[in-house]
Amino acid sequence: MTRPESRPRLRARLALLYASLFLCSGIAVLVLADLPLVSFSSAARATGDGPKNGAGGHSLSTTNLPEVLLYSGIALAVLAVLSVAAGWLVADRATRPLRVITAAARAISASNLDERLSLGDSYEEFRELGDTLDDLFARLEAAFDSQRHFVANASHELRSPLAAQRTVIQVALADPAASADSLRSACNQLLEIGEEQERLIDALLTLAVSQRGLRKREPVDLAGVAGRIMQSRSTAAADRGVRVDASLAPAITAGDANLVDCLVTNLVDNAIRHNLSGGRVQVATGAAAGVACLSISNTGPVVPPGDVDRLFQPFQQLDDERTSHDAGHGLGLAIAASIAIAHGAAIAAQARPEGGLDVTVRFRLADPGSVSPEP
Amino acid sequence: MRVLVVEDHRALSAAIGTGLRREGMAVDVVLDGDKALEHLGVTRYDVVVLDRDLPRVHGDEVCRQIVASGSGSRVLMLTAASTVQERVDGLGLGADDYLPKPFDFAELVARIRALGRRAAPALPPTLERGDLVLDPSRRVALRSGQRLDLSPKEFAVLECLLASAGRVVSAEELLERAWDEAADPFTTAVKSTVRRLRAKLGEPPVIDTVREGGYRIGEP
């Protein structure tokens, strides 16, 4: 890293300041100490001037002043050197904690974020700065940790289907009595595993896109989106014996239509998937008091209230559902939450005491002036 | 050899089960740690193929309980976590072997066989008794140099008897070692398999029947 050399350095500045302060006070002291000497000699000349000879008094005054000036000059020079040295030393001491902080901060990188400055017994101001930086490092460390955790989880989730694929192929190939039927069934299994991977990769991409924030904002009617998605999911819901009810009132917000679509899809799919046979899903949209609200409630297995927040973390599922056939990867609610955050919307989930979840997303109602009807 | 496969990925656990059964092993497949502990409480398995990241009861806990029970079951950890530290941690829990995903099925089979041989006392890779030679890894049985055409169950019964080296093996034990949990405990499957095995082994007879006891391989 190169540092522009032309910038003034604080230590030099401080040294100069201290040195000039020392020098000024030194000069003041010298002048104050010299003044009586000089005035004394001129007084001697004045007193000797009158009665005796004027030449003697005059010569006394001319020999004294240069001496005083000479010694003053020497004292001043010594004082100047001492001032510069003292100024430099004091400035060095004053800026030392800064250099410690700089060196430590420079040494801390993504691989050793657990290190801290720990400026224990320093001046209050530097300690505050050090503590502030330590807090920053702690937040960075947490963010890096969660990122690492996420990558580890994602690679874990991707490796299981890969292992399954390889095993299915190798077992099918190693079968000495392999028939067209057995190979066909292996191929079908491979297709299913491939679809599972596609879904996972799609979900991961959606999550990444939503975490990047919004590129555009356009008017989106939550009622329209919810209606369309419920229609497309009606067969899936019927297959599981789940009834889907809707009460959709216009609720227009400004956002990325694709992402809002994805949020609603994930919530509806979640509500249908984690349900009971003969269960219900209720979808409602509406606008009130500056809020465009979407709420989805479903019956289903009992969710321990303490586990609700965990479900918004990527790759988190209730234990009971991990082994069920199409449980997904535990990304649905994480994606919904991430999209909600990108829109500045508040998402909240509550466990229903009789089983199932109530999820509510509150978007900002679109500014009526900027809204044009959805095409 | 009796093997328990604990793996929560349905397709993967089913494929492992199919493949291992074809290798002549008696395999039970479960999808979570809870069920694994249930099975381990009832049956003595030679080898447990254990995924580490299991729902309900974590694989690490299952492994700890297997080691603590002193059942002598060998544990092969199967996991997507593949850093050295994670492998070291897994082995530190008492796992006997560690195979990262994705793996080659042939390697999994070879490792399970190697672990099965480590059952006390250690068994050689080929089992021999007189003129009878059995190579479990190649699934070849020879008598006087002649290759025998054995079904997987017949092979498993012969392997079990040879591994016991003359000790009497009860019909129940044979049922546990060579059949999986789908077998009916009151079946005559053991009796009929031994009968067919004797016919294929030919003369002189190798398998003795011990009254009220079971079967054993006779002195060469």
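In which sense do strand 1 and strand 3 of chain B pair, and over how many bridges? I opened the predicted model with that in mind. Strand 1 (residues 2–6) and strand 3 (residues 47–51) of chain B turn out to be parallel partners, joined over four bridges. I also looked up one partner by name: B:V5 has B:V49 of strand 3 as its bridge partner.

**Chain B, the whole sheet**

Next I followed the pairing outwards. The sheet of chain B is open, has five strands in the order 2-1-3-4-5, and is paired in parallel. I found strand 2 (26–30) and strand 5 (97–100) of chain B at the edges, each pairing on one side only. On average, neighbouring strands of this sheet are turned by 20° against each other, direction ignored. I then checked helix 1 (residues 10–22) of chain B, which packs on the sheet and touches strand 1, strand 2 and strand 3 of chain B. The direction of helix 1 makes about 175° with that of strand 2 of chain B.

**Chain A, helix 5**

Which residues of helix 5 (residues 222–232) of chain A are buried? I noted A:L222, A:A223, A:V225, A:A226 and A:I229. Seen down the axis of helix 5 of chain A, these buried residues fall within an arc of 160°, so they line one face of the helix. Turned away from that buried side, I found the exposed residues A:Q231 and A:S232.

Last, I looked up what the buried residues of helix 5 of chain A pack against. Their partners in chain A include strand 1 (218–221), strand 2 (243–248) and strand 3 (252–255). Helix 7 (257–273), strand 4 (280–288) and strand 5 (291–298) of chain A are also among them.

Definitions and conventions: Residues are numbered from 1 along each chain as its sequence is written. Chains are lettered from A and ligands numbered from 1 in the order in which they are written. This is a predicted model: local features need pLDDT of at least 70, side-chain atom pairs count only at pLDDT 80 or more; totals for chains, interfaces and linings use all residues. Two strands pair if DSSP finds at least two bridges between them. Helices (H or I, at least four residues) and strands (E, at least two) are DSSP runs, numbered from the N terminus. Axes are lines fitted to C-alpha atoms, for helices over the stretch in contact, and angles run from 0 to 180 degrees between N-to-C directions. Two residues are in contact if their C-beta atoms, placed from the backbone, lie within 7 Å. A residue is buried if 20 or more other C-beta atoms lie within 10 Å of its own, exposed if 12 or fewer, and partly exposed in between; C-beta atoms are placed from the backbone. The arc is that of the directions from the helix axis to the C-beta atoms.
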